[in-house]
Amino acid sequence: MFRATIFTLMPEMFPGPLGTSLAGDALARGLWALETRNIRDHGLGRHRAVDDTPAGGGPGMVIRADVLAAALDAGIAADDPRPRLLMSPRGRPLTQARVRELVAGDGAIVVCGRFEGVDERVIAARHLEEISIGDYVLSGGEIAAMVLIDACVRLIPGVMGKFDSGSEESFENGLLEYPQYTRPRDWEGHAIPDVLLNGDHAKIAKWRREEAERLTKERRPDLGMKK
Ligand code: SAH
């Protein structure tokens with residue numbers, strides 16, 4: 001089963017949106033599991049300090065290597081096979097392919113940064129793989145972790161019902177998805193394309209393929225068309 005273990009300074013943010021809708025129903029049905037570990041439980045002194053000023057100066061605070069390592073060492077069994085991910089704007093951008101890989105495994109251990117991030121030494125020493133959800137900076141890794149987990153959970157068999165595979169969706173074939181329509185047939189003078197209404201499945205498939213290729217070329221030529 002897909003198990004997510006989140007190391008965070010804000011455990012109260014979970015499950016948050018992951019407790020609602022598709023992901024929440026699946027969580028309640030036991031199709032995946034979520035647990036949080038509060039990094040602050042391993043903080044130092046009476047105030048359970050987790051951060052300190054950056055070596056070399058500069059703004060903000062940095063999560064201490066000793067504190068985060070203590071939290072990780074206490075919270076992860078030595079034989080835990082799950083990848084250890086650190087949400088980070090410097091990480092490799094998350095892709096649908098990486099999401100598929102994660103879903104095929106046992107889940108993920110996800111570390112959420114705060115402040116200016118975490119001491120560089122703990123990233124190497126605890127083999128954390130940095131993952132980014134895009135080229136912008138969030139105030140903490142929690143929402144990024146939720147993005148990653150949401151993308152994984154909807155692909156767990158049984159979560160999406162009959163559309164389980166999601167195999168025609170954006171990014172699955174190096175393409176963006178074709179346009180979708182539903183009733184009413186005519187809306188504010190705009191009709192649904194005829195081809196979608198005459199029941200010729202080969203023609204529909206061809207039209208969708210062409211539209212997907214057109215949109216991808218227009219909007220995301222970087223995705224690279226796989227034929
Ligand atoms: N000083 C850092 C940004 C810290 S933001 C820098 O310039 O790179 C605080 C935390 O938010 C990070 O440690 C990370 O866990 C999370 N975060 C911010 N932006 C993110 C992104 N695009 N993807 C994933 N995590 C992100």
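This report walks through a predicted model, from its domains to its sheet, one strand residue and two helices.

## Two domains

Let's start with the big picture. The domain assignment of the protein splits things into domain 1, covering residues 2-153, and domain 2, covering residues 168-223. Measure from one C-alpha centre to the other and you get 37 Å between domain 1 and domain 2.

## The five-stranded sheet

Next up is an open sheet. Its five strands come in the order E2-E1-E6-E5-E7, and the pairing is parallel. Strand E2 (32-38) and strand E7 (129-132) sit at the edges; each has a single partner strand, so one side of each goes without a neighbour in the sheet. On average, neighbouring strands here are turned by 35 degrees against each other, ignoring direction.

Now look at strand E5, which spans residues 84-93 and runs parallel to strand E6, residues 107-112, with four bridges joining the two. One spot to find on screen is Arg84, which stands opposite Ile109 in E6. E5 also runs parallel to E7, and this time five bridges join the pair. Here you can pick out Leu85, whose bridge partner in E7 is Glu129.

## A closer look at Thr5

Thr5 is part of strand E1, which covers residues 2-8. Is Thr5 buried or exposed? Thr5 is buried: its relative accessible area is 1%, and this counts as buried because the cut-off is under 20%.

So who does Thr5 meet in there? Leaving aside residues up to four places away in sequence, Thr5 touches Glu35, Arg37, Arg82, Ala108, Ile109 and Val110. With one of these, Arg82, there is a polar contact as well, side chain to side chain, at 2.9 Å. Ile109, also on the list of residues that Thr5 touches, is the one that Arg84 stands opposite.

## Two helices to look for

Helix H2, made of residues 65-75, lies across three strands of the sheet: E1, E2 and E6. The helix runs at about 150 degrees to E1.

Helix H6 takes in residues 201-219, which makes 19 residues. From its first C-alpha to its last, H6 reaches 27 Å, close to the 27 Å expected at 1.5 Å a residue. Which residues of H6 are buried? They are Ile204, Trp207, Glu211, Ala212, Glu213, Leu215 and Thr216. As background, an α-helix has 3.6 residues a turn, so residues three or four places apart point the same way.

How values were computed. Residues numbered from 1 in each chain as written. Predicted model: local features only at pLDDT ≥ 70, side-chain atom pairs only at ≥ 80, totals over all residues. Heavy atoms only, no water. Buried < 20%, exposed > 50% of the residue type's maximum accessible area, 1.4 Å probe, protein only. Polar contact = N/O pair within 3.5 Å; in protein donor to acceptor, adjacent residues only side chain to side chain. Contact = heavy atoms within 4.5 Å. Pairing = 2+ DSSP bridges. Axes fitted to C-alpha atoms, helices over the stretch in contact; angles between N-to-C directions. Expected span 1.5 Å × (residues − 1). Domains from an automatic or database assignment.
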